[in-house]
Amino acid sequence: MRILVIIPTYNEIDNLNNLTTQICAQIPDTDVLIIDDNSPDGTGSLAEQLSIKNKRIKYIVRSHKLGLGSAYIQGFKYALNHNYDFIFEMDADFSHDPSYLPEFLRHLDSHQLILGSRYIKGGGISTWGIWRRLISYLANLYARILLGLPYQDLTGGYKCYSRQVLEQLDLNSIISEGYVFQIETTYRAHHRGFAIKEIPIIFKERHKGKSKISRKICLEAVWKVPLLRFSRSI
Ligand SMILES: Nc1nc2c(ncn2[C@@H]2O[C@H](COP(=O)(O)OP(=O)(O)OP(=O)(O)O)[C@@H](O)[C@H]2O)c(=O)[nH]1
Ligand SMILES: [Mg+2]
């Protein structure tokens, strides 16, 4: 069983060393792929140093900030080309606690996509203010109703795919970048009949560094979710 944890990074120099150490402690036989968009703070050079010290750590540095969705697509293609069986998506900022990683793996006998969920019993968000909670809640409600999906957390980015899902997602036709990327990948997997399971996670405020979420990313969700509903390529 070959496992890959994909971590997209942009200015995460203060988190990356500690994070990769904790991931490897949780799943000693996993590989980690860092996809950095030429971060001005030198995260890419740190990824290179980490990969020299630990052969399980791989990295790709791209020319400039190309966005989260395209980073994941590049990571998924890498995973397929290098014959990984199970592929994680995970943020670099410790919002996604590495101690949950083994729990995802426990469900992969019976399911092909596991979602870390903040909105089921046992899940939650530790420190967000009321506005951030409300926006996230409404975004999930909007996507759930418009797309007719039975999952409570569609925008979370802590997920584990079995390779059959990635093989069938048709990666080149994915149209989303920000939060919608998470909605679109789950929507496509659901449409193709894969078994999807939500497991509870407590989402924490980022540990160090700055958030990259923008108004543009939030607005993308408003108009692209209906587009997904009527898109033929899904
Ligand atoms: N390669 C790459 N990674 C990115 C890009 N934008 C964000 N990231 C990474 O994607 C992950 C999620 O980004 P965050 O800034 O934490 O966004 P967020 O989690 O929605 O926002 P917060 O709640 O404030 O943390 C982090 O690991 C970022 O470093 C990008 O354009 N390219
Ligand atoms: Mg974050």
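**Entry 1: what covers H5.** I started with the cover over the buried residues of H5, and found that it includes helix H7 (179-191) and helix H8 (215-230). A reminder to myself: this is a predicted model.

**Entry 2: which residues of H5 are buried?** I listed Ser136, Asn140, Ala143, Arg144 and Leu147. They sit on the same side of H5 because they cover an arc of only 100° around the axis. That fits what I know of helices: an α-helix has 3.6 residues a turn, so residues three or four places apart point the same way. I then turned to the other side of H5, where Ile130, Trp131, Ile135 and Ile145 are exposed.

**Entry 3: the length of H5.** I looked up its extent next: H5 runs over residues 130-147, 18 residues in total. From first C-alpha to last, H5 reaches 26 Å, close to the 26 Å expected at 1.5 Å a residue. Just after H5 comes Gly148, and I noted its positive phi, near 65°.

**Entry 4: which residues come nearest to ligand 1?** There are 19 residues around ligand 1, and the nearest are Glu12, Asp37, Asp93, Ser211 and Lys212. I went on to the polar contacts. Asp37 has a polar side-chain atom 2.7 Å from a nitrogen atom of ligand 1. For Lys65, a polar side-chain atom is 2.9 Å from an oxygen atom of the ligand. Arg132 has a side-chain N or O atom 3.0 Å from an oxygen atom of ligand 1.

**Entry 5: how much of ligand 1 is covered?** On its own, ligand 1 has 630 Å² of accessible area, and the protein covers 94% of that. I also checked the shell around ligand 1: strand E1 (3-9) and helix H3 (68-81) are the elements that give two or more residues to it.

How values were computed
Residues numbered from 1 in each chain as written. Chains lettered and ligands numbered in written order. Predicted model: local features only at pLDDT ≥ 70, side-chain atom pairs only at ≥ 80, totals over all residues. Heavy atoms only, no water. Helix = DSSP H or I, 4+ residues; strand = E, 2+ residues; numbered from the N terminus. Expected span 1.5 Å × (residues − 1). Buried < 20%, exposed > 50% of the residue type's maximum accessible area, 1.4 Å probe, protein only. Arc of directions from axis to C-beta. Contact = heavy atoms within 4.5 Å. Near = heavy atom within 4 Å. Polar contact = N/O pair within 3.5 Å; in protein donor to acceptor, adjacent residues only side chain to side chain. Areas by Shrake-Rupley, 256 points an atom, 1.4 Å probe, with all protein chains shown as cover.
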